[in-house]
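Here's a walk through one protein model for anyone meeting it for the first time. Have a look at the fold below, and then we'll go from the sheet outwards.

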Amino acid sequence: MKRIEAIEAIAKAAGDALIVCNLGFPSRELYAVADRPKNFYMLGSMGMASSIGLGLALSLPSRKVIVLDGDGSVLMNLGSLATIANRAPENYLLVILDNSCYGSTGSQPTCTSMETNLAKIARACGVLKVKTVDRLEDLTNSVAGHGVVVVKVELGNADVQIIDISPEQILARFRQSFL
């Protein structure tokens with residue numbers, strides 16, 4: 001499946017959940033298919049979407065938080081998987097969109113293109129609910145849960161526009177959506 005197809009399916013199934021999205025093309029793709037104030041688009045801080053989303057989930061226990069992250073970003077912050085396992089909030093879902101490359105910087109291969117398996121790493125860190133999905137039909141049901149879902153997606157970025165709202169506007173409207 002294409003990453004933008006996975007993102008669109010997740011956004012449709014998300015309901016009222018807050019969505020924190022990885023920087024670069026994933027954020028641009030989410031913005032193109034399902035822009036809304038409850039989306040927080042990362043425009044920097046590679047590797048930090050999982051941690052930002054976890055902080056939101058812990059501070060807003062009555063709100064569902066879905067994080068859309070990439071394999072390259074998760075590899076940059078593997079320690080977040082141990083913290084996710086330790087805290088295990090039931091309102092938090094980390095969706096790793098694994099295209100086996102750094103898609104926003106030229107598609108250089110990540111370690112997941114070889115032997116590294118992020119689902120096994122999440123389990124080894126102690127995450128109890130870990131699932132791997134490679135078909136669009138199986139993705140929608142996974143959004144309702146919590147834990148970690150690794151979604152295998154094709155290499156490539158959708159031809160979408162740059163996000164045309166400022167970081168300050170993104171933050172302000174995101175905050176307003178849950179305050």
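Six strands make up an open sheet in this predicted model. Reading across, their order is 2-1-3-4-8-7, and the pairing is parallel. Strand 2 (39–41) and strand 7 (130–133) sit at the edges with a single partner strand each, so one side of each has no neighbour in the sheet. On average, neighbouring strands here are turned by 15° against each other, if you ignore direction.

Now zoom in on strand 3, which covers residues 65–70. Strand 1 (residues 18–21) runs parallel to strand 3, and four bridges join the two. Strand 3 also pairs with strand 4, again in the parallel sense, this time over six bridges. You can pick out some of the facing residues by eye: Leu18 is opposite Val65, and Val20 is opposite Val67. Val67 also has Leu94 of strand 4 standing opposite.

How many of the six residues of strand 3 are buried? Six of the six are, so strand 3 is largely enclosed by the rest of the structure. Both of its faces are covered: one side has Val65, Val67 and Asp69, while the other has Ile66, Leu68 and Gly70, and all of these are buried.

Next, the helices that lie across the sheet. Helix 1 (residues 3–13) lies across strand 1, strand 3, strand 4 (92–98) and strand 8 (147–152). Relative to strand 4, helix 1 runs at about 165°. Helix 8 (residues 167–178) lies across strand 1 and strand 2, and its angle to strand 2 is about 155°.

On to the core. In soluble globular proteins, nonpolar side chains tend to be buried together. The largest nonpolar core in this model holds 55 residues. Leu30, Ile66, Leu68, Leu97 and Val151 are the ones with the most contacts inside that core. Strand 4 provides the largest share of the core, with six residues.

Leu30 is worth a stop. You'll find Leu30 in helix 2 (residues 25–34). Its relative accessible area is 0%, and because anything under 20% counts as buried, Leu30 is buried. Which residues does Leu30 touch, not counting residues up to four places away in sequence? They are Ile7, Ala11, Ile19, Cys21, Asp35, Asn39, Tyr41 and Leu68. Leu30 and Ala6 are 24 residues apart in sequence, while their C-alpha atoms are 9.8 Å apart in space.

For another view, try Ala144, in the loop between helix 7 (136–143) and strand 8. Ala144 has 70% relative accessibility, so it counts as exposed. Between the C-alpha atoms of Ala144 and Ile170 there are 25 Å, with the two residues 26 apart along the chain.

There's a pocket to look at too. The largest one encloses about 200 Å³ of space. It is lined by 18 residues, and the closest to its centre are Asn22, Ser73, Tyr102, Gly103 and Ser104. Which element gives the most to this lining? That's helix 4, with three residues. Strand 3, helix 4 (71–76) and strand 5 (101–102) each supply at least two lining residues.

Finally, a couple of backbone oddities. Most residues other than glycine have a negative phi. Ala88 goes the other way, with a positive phi of about 45° although it is not a glycine. Ser100 is not a glycine either, and has a positive phi of about 60°. Ala88 belongs to the loop between helix 5 (79–87) and strand 4, and Ser100 to the loop between strand 4 and strand 5.

Here is how accessible some of the residues from this tour are.

| Residue | Relative accessibility | Class |
|---|---|---|
| Leu30 | 0% | buried |
| Ser100 | 18% | buried |
| Ala88 | 45% | partly exposed |
| Ala144 | 70% | exposed |

Terms used: Residues are numbered from 1 along each chain as its sequence is written. This is a predicted model: local features need pLDDT of at least 70, side-chain atom pairs count only at pLDDT 80 or more; totals for chains, interfaces and linings use all residues. Side-chain values use heavy atoms; hydrogens and water are left out. Two strands pair if DSSP finds at least two bridges between them. Axes are lines fitted to C-alpha atoms, for helices over the stretch in contact, and angles run from 0 to 180 degrees between N-to-C directions. Contact means heavy atoms within 4.5 Å. A nonpolar core is a set of buried Ala, Val, Leu, Ile, Met, Phe, Trp, Tyr and Cys residues joined through side-chain atoms within 4.5 Å. Buried means under 20% relative accessible area, exposed over 50%, partly exposed in between (1.4 Å probe, protein chains only). On a 1 Å grid over the protein atoms alone, a cavity is a set of points where a 1.4 Å probe fits but cannot get out, and a pocket is an open set with protein on both sides within 12 Å along at least five of seven lines; lining residues have an atom within 4 Å of a point. Grid points are joined across faces, edges and corners, and a volume is the space filled by probe spheres set on the points.
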